[in-house]
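Here are some worked exercises to try with the model open beside you. Have a go at each task before you read its solution.

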Amino acid sequence: MDIQVGDIVKLKKQHPCGSQEWEVLRIGADFRLKCAGCGHQIMIARRLVEKNVREIRKKD
């Protein structure tokens, strides 16, 4: 899966704030994602991100 820093990913489940879109801040064994709705940041395992991605919007 080709995900780069700065891309916007849409995940299957939505965040409690209602947004399904996350900005990728860091890539490695874990991903650091920032919620597009409220700005909350999370660290999540690469395996879980790749399993739950529905759509990837590339940075311009």
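**Exercise 1. Which backbone atom lies 3.2 Å from a polar atom of the side chain of Ser19?**

Step 1. Start at the side chain of Ser19: one of its polar atoms is 3.2 Å from the backbone nitrogen of Glu21. A polar contact is a pair of N or O atoms within 3.5 Å; within protein, one must be able to donate a hydrogen and the other to accept it, and residues adjacent in sequence count only if both atoms are side-chain atoms.

Before going on, a word on the ground rules. This is a predicted model, where local features need pLDDT of at least 70 and side-chain atom pairs count only at pLDDT 80 or more, while totals for chains, interfaces and linings use all residues. Residues are numbered from 1 along each chain as its sequence is written, and side-chain values use heavy atoms, with hydrogens and water left out.

Step 2. Place Ser19 in the fold: Ser19 sits in the loop between strand S1 (8–11) and strand S2 (21–26). Strands (E, at least two residues) and helices (H or I, at least four) are DSSP runs, numbered from the N terminus.

Step 3. Check its exposure: Ser19 counts as buried because its relative accessibility is 14%. Buried means under 20% relative accessible area, exposed over 50%, and partly exposed in between (1.4 Å probe, protein chains only).

Step 4. List its partners: beyond neighbours within four places in sequence, Ser19 is in contact (heavy atoms within 4.5 Å) with Gln14, Cys35, Ala36 and Gly37.

**Exercise 2. Classify His15, Lys12 and Gly18 as buried or partly exposed.**

Step 1. His15 is found in the loop between S1 and S2. At 15% relative accessibility, His15 is therefore buried. Not counting residues up to four places away in sequence, His15 touches Trp22, Cys35, Cys38 and His40.

Step 2. Lys12 belongs to the loop between S1 and S2. Its relative accessibility is 41%, so Lys12 is partly exposed. With residues up to four places away set aside, Lys12 touches Gln20, Lys51, Asn52 and Arg54. As for Arg57, 45 residues away in sequence, its C-alpha is 15 Å from that of Lys12.

Step 3. Gly18 also lies in the loop between S1 and S2. Gly18 is partly exposed because its relative accessibility is 40%. Gly18 and Ala36 are 18 residues apart in sequence, and their C-alpha atoms are 9.8 Å apart.

**Exercise 3. Which strand gives the largest share of the largest nonpolar core?**

Step 1. Collect the members: this core has 11 residues, namely Ile3, Val9, Leu11, Trp22, Val24, Phe31, Leu33, Cys35, Ile44, Val49 and Val53. A nonpolar core is a set of buried Ala, Val, Leu, Ile, Met, Phe, Trp, Tyr and Cys residues joined through side-chain atoms within 4.5 Å.

Step 2. Sort by element: S1, S2 and strand S3 (30–35) each supply at least two residues of this core. The largest share, three residues, comes from S3.

Step 3. Look at Leu33 in strand S3. Its relative accessible area is 0%, so Leu33 is buried. Its C-alpha is 5.8 Å from that of Trp22, 11 residues away in sequence. Beyond its neighbours within four places, the contacts of Leu33 include Val9, Leu11, Val24, Ile44 and Val49.

Step 4. Turn to Cys35, also in strand S3. Cys35 is buried because its relative accessible area is 2%. Among the residues more than four places away that Cys35 touches are His15, Ser19 and Trp22.

**Exercise 4. What is the volume of the largest pocket, and which element gives the largest share of its lining?**

Step 1. Its volume is about 170 Å³.

Step 2. Read off the lining: Leu11, Lys12, Lys13, Gln14, His15, Trp22, Ile42, Ile44, Leu48, Val49 and Asn52. The elements giving two or more residues are strand S4 (41–45) and helix H1 (46–52).

Step 3. Compare shares: H1 gives the largest, three residues.Step 4. Add the cut-offs: on a 1 Å grid over the protein atoms alone, a pocket is an open set of points where a 1.4 Å probe fits, with protein on both sides within 12 Å along at least five of seven lines, and lining residues have an atom within 4 Å of a point. Grid points are joined across faces, edges and corners, and a volume is the space filled by probe spheres set on the points.
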